[in-house]
Amino acid sequence: MTPQVLIVGGGMITHDQLLPSLYHMQRQGRIGEIGVCALRARDWQPLAADAGLAEAFPGQGFRPFPAGGDPDVPHPDLFREAIASLPPGSIVVVAVPDQLHNEVILASLKSGHHVCTVKPLVLTHREALAIEREAYGRGLFVGVEYHKRFDDRSLMARRKYRAGLFGEFRLGTACLLEKWYYRHSNFQNWMTTGNSDAFTYIGCHYVDLVHFITGLLPESVSVYGIRDRFPNGQEGFLWTDARVIWNNGACLNVQNALGFPDAAPGGNTQGLTMYCQGETDGALIAHSDQYRGLKYSYTSKSADPGATVYAEPSPDYFQYVDLGGQGLTPVGYGYRSVEHIVEACIRVESEGENLAERQRILREIDAAGIIATPANSSYNELVIEAARESILHGGKIVTLRPEAA
Ligand SMILES: NC(=O)c1ccc[n+]([C@@H]2O[C@H](COP(=O)([O-])OP(=O)(O)OC[C@H]3O[C@@H](n4cnc5c(N)ncnc54)[C@H](O)[C@@H]3O)[C@@H](O)[C@H]2O)c1
């Protein structure tokens, strides 16, 4: 039996990565019906009408929630009905704003479904622990979609670091600045100072990656944020500078913003540099995650937001390629990440009623440390919690405080 999949949230990440990845798996016969539940019908309608998705996946579609009525009326609790209507053992993909992840994940687990959630899992460590307990007790898988882990360069660095080839991480610097136009998107309705900030939204990728590569754990955080206004007048920390201290004393600086120039090439700017210490010399890991060697100058600018005539597209995150046959094939670590998590859900579910075996597989995946799970990555929630406290108090240093499990 192929599992049904429900995506809760029909925004940017659903359009750019989640829905096309799932359509591809559906086309391959690995998953069944796909549903999309958004806050309003107006939110999912662009997905149904999207020419790019139609070209890549001719004849495929999703079951929408809400399905009728005034497209502008919000249905904030409809996801509960949509989740409850799935057969147990289905997969819920969580793609709502950060502060809503917890309730959607818990509703999914309580209905007996596996979960693939976009990062961050949740905003507090306590919630992460509760999700871990709930999922393990029921033999359900929860995967956190930190897709940079499935970028081959991250896997290369991890393997070589853990083989000792880079010595010990000492100082690092990472950045991910989204383009200015993001301020005009739905972000202005939720990425406000009370909910989130540029570091919480996107900086967590590089904190996660430094752990993924090195196995080190973060110990304290300070985040300086600049309060700025979205076009709708709401206030957000749209520029942030974070300093994360690790349990070997190493220091990672992370800069994030919704402020990279719209005229600049690439969808954003991002990268990671780690200076390390060997026995008799320094060592270095430097990844340009935005400029990946491609320089394209088109005859004209596409209508997509942030599009430029001169572009430096990444072939590695998510692209459609024509491999022959009908439609287009999604490739890249964005696709591979979703595929790995969905496959893990299917693997656990294939054990049927055997709870002990399901739990054994869950522990095996936790221990492998390749897919982020609540059990192996809740240091991210500790960082976020500390970061929120820090940013709201002018960048004070906050020591991570794990809740007792
Ligand atoms: N690089 C990344 O990993 C990455 C990139 C972008 C977004 N994200 C994450 O994805 C999540 C969503 O981001 P986005 O960019 O798609 O945001 P978005 O603002 O474009 O879309 C949010 C969606 O959530 C839906 N929604 C809101 N409340 C809802 C509710 N009560 N029930 C059902 N649907 C509801 C809205 O209808 C909308 O479709 C966030 O957690 C964000 O951090 C991750």
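Let's start on the surface of this predicted model: Trp180, Tyr224, Ile226 and Trp239 make up a nonpolar patch there, with about 400 Å² of accessible area together. Behind that patch there is more to explore, including an open sheet of seven strands and another open sheet of six strands. Here is a short tour, topic by topic.

**The surface patch**

- One member of the patch, Ile226, has its place in strand E8.
- Ile226 has a relative accessible area of 38%. Because that value lies between the 20% limit for buried and the 50% limit for exposed, Ile226 counts as partly exposed.

**The seven-stranded sheet**

- If you trace this open sheet across, the strands come in the order E12-E11-E7-E10-E9-E8-E17, and their pairing is mixed.
- At the edges stand strand E12 (282–288) and strand E17 (398–399); each has a single partner strand, so one side of each has no neighbour in the sheet.
- Strand E7 (residues 168–179) and strand E11 (residues 268–277) are antiparallel partners, joined over 10 bridges.
- To find a spot in this pairing, look for Leu177, which stands opposite Thr269 in E11.
- Helix H7 (residues 152–162) packs on the sheet and touches E7, E11 and E12; the direction of H7 makes about 170° with that of E12.
- Helix H13 (residues 379–391) also packs on the sheet, where it touches strand E8 (218–229), strand E9 (235–246) and E17. The direction of H13 makes about 50° with that of E8.

**The six-stranded sheet**

- This open sheet has the order E3-E2-E1-E4-E5-E6, and its pairing is parallel.
- Its edge strands are strand E3 (63–65) and strand E6 (142–145), each of which pairs on one side only.
- On average, neighbouring strands here are turned by 20° against each other, direction ignored.
- E4 and strand E5 (residues 114–118) run parallel and are joined by four bridges. Val93 has Cys116 in E5 as its bridge partner.
- Helix H1 (residues 12–27) lies across strand E1 (5–8), strand E2 (34–37), E4, E5 and E6, and runs at about 160° to E2.

**A buried serine**

- Look for Ser90 in the loop between helix H4 (78–84) and strand E4 (91–94).
- Is Ser90 buried or exposed? Ser90 is buried, because its relative accessible area is 2%, and buried means under 20%.
- Leaving aside residues up to four places away in sequence, Ser90 touches Gln4, His113 and His114.

Note on methods
Residues numbered from 1 in each chain as written. Predicted model: local features only at pLDDT ≥ 70, side-chain atom pairs only at ≥ 80, totals over all residues. Heavy atoms only, no water. Pairing = 2+ DSSP bridges. Helix = DSSP H or I, 4+ residues; strand = E, 2+ residues; numbered from the N terminus. Contact = heavy atoms within 4.5 Å. Axes fitted to C-alpha atoms, helices over the stretch in contact; angles between N-to-C directions. Patch = residues over 30% accessible without salt bridge, like charges linked within 9 Å, V, L, I, M, F, W, Y side chains within 5 Å. Areas by Shrake-Rupley, 256 points an atom, 1.4 Å probe, with all protein chains shown as cover. Salt bridge = Lys/Arg side-chain N within 4 Å of Asp/Glu carboxyl O. Buried < 20%, exposed > 50% of the residue type's maximum accessible area, 1.4 Å probe, protein only.
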